[in-house]
Amino acid sequence: THQRYRVTDKVTTDLARFEARATFAKSVPAAVAKPLLEEALGMVRGQPFDVSRGYEWAFAESFVTRAAIAIAEVAQRLGEIALDEGDSATAEWAASRGLVAAPGDEGLYRIRMQAAKASGNTSAIRQIFNELCESVEANEPYDQLDPQTIDLFESLTGKSARSLSA
């Protein structure tokens, strides 16, 4: 009409497809949500709108932030479900996929530390904690990280996070 193209309702975006799965997964039991969340995280290929140019509008309209938050939330939920089921491999995978899109998300690092403990890889907990500190440039963890993260590290390792900065 009037020499304009119209897009039908059948046209969608990766973000809309991701969010649809995430939204539906909130309304169903964990056993049903888990494969939906895995499918959604399987769509994540990197940081949202991570291209050299042409997507300035995505930053200006907060699509990038919205996508990163949604991905982190899905990864957190899947990680928690997997840990509850004793599936440390899926918990680690979920947290790692989430960190691709939302680097420095402390909740996802907490999932990774819990997954390491659950899989018996206690030496990885300190490494994961150090990765977090590097990611957020935390020279003094007690001053810069969420107290939940410090408490979890200390409860999983029996060591003070303060000793890491010394």
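This is a short tour of a predicted model, with a selection to make at each stop.

**Stop 1: the whole chain**

Show the chain as a cartoon. Nine helices and zero strands make up its secondary structure elements, so the pattern along the sequence reads α-α-α-α-α-α-α-α-α. The C-alpha trace spans about 70 × 35 × 20 Å along its principal axes. Colour by accessibility next: 39% of the 166 residues count as buried. Among contacts with a separation of 6 or more, 56% are made by residues 24 or more positions apart.

**Stop 2: the largest pocket**

Select Asp14, Leu15, Arg45, Pro48 and Phe49, which lie nearest the centre of the largest pocket. The lining comprises 21 residues, and the volume of this pocket is about 570 Å³. Now add helix H1 (14–26) and helix H4 (63–84), the elements that give two or more residues to this lining. Which of them gives the most? H1 does, with five residues. Coloured by class, the lining shows 13 nonpolar, three polar and five charged residues.

**Stop 3: the second largest pocket**

Keep H1 and H4 on screen, as each also supplies at least two residues of the lining of the second largest pocket. Here H4 gives the most, with six residues. To display the lining, select Glu19, Ala22, Thr23, Ala25, Lys26, Leu37, Arg66, Ile69, Ala70, Glu73, Val74 and Arg77. The space in this pocket is about 170 Å³. By class, its lining has six nonpolar, one polar and five charged residues.

**Stop 4: Arg112**

Move to helix H6 and select Arg112. Is this arginine buried or exposed? Arg112 counts as buried because its relative accessibility is 11%, and the cut-off for buried is under 20%. Show side chains around Arg112 and find Glu92: the two side chains make a polar contact at 3.0 Å. Leaving aside residues up to four places away in sequence, Arg112 touches Glu92, Ala95, Ser96, Leu99, Ile128 and Glu131.

**Stop 5: helix H9**

Select residues 147–157, which form helix H9. Begin just ahead of the helix, at Asp146: one of its side-chain oxygens reaches to within 2.7 Å of the backbone nitrogen of Gln148, at the start of H9.

Next, pick out the buried residues of H9, namely Thr149, Ile150, Leu152, Phe153 and Leu156. Why are they on the same side of H9? They cover an arc of only 165 degrees around the axis, and therefore share one side of the helix. An α-helix has 3.6 residues a turn, so residues three or four places apart point the same way.

Add helix H6 (106–118), helix H7 (122–135) and helix H8 (141–144) to the view; the buried residues of H9 pack against these helices. H6 is also the helix that holds Arg112, from the previous stop.

Turn the model to look at the other face of H9. Pro147, Asp151 and Ser155 are the exposed residues there, on the face turned away from the buried side.

Finish at Gly158, which follows H9. The phi of this glycine is positive, near 75 degrees.

Notes: Residues numbered from 1 in each chain as written. Predicted model: local features only at pLDDT ≥ 70, side-chain atom pairs only at ≥ 80, totals over all residues. Heavy atoms only, no water. Buried < 20%, exposed > 50% of the residue type's maximum accessible area, 1.4 Å probe, protein only. Helix = DSSP H or I, 4+ residues; strand = E, 2+ residues; numbered from the N terminus. Arc of directions from axis to C-beta. Contact = heavy atoms within 4.5 Å. Polar contact = N/O pair within 3.5 Å; in protein donor to acceptor, adjacent residues only side chain to side chain. 1 Å grid on protein atoms, 1.4 Å probe; cavity = no way out; pocket = protein on both sides within 12 Å on 5 of 7 lines; lining within 4 Å. Points joined across faces, edges and corners; volume = space filled by probe spheres on them. Nonpolar A, V, L, I, M, F, W, Y, C, P; charged D, E, K, R; others polar.
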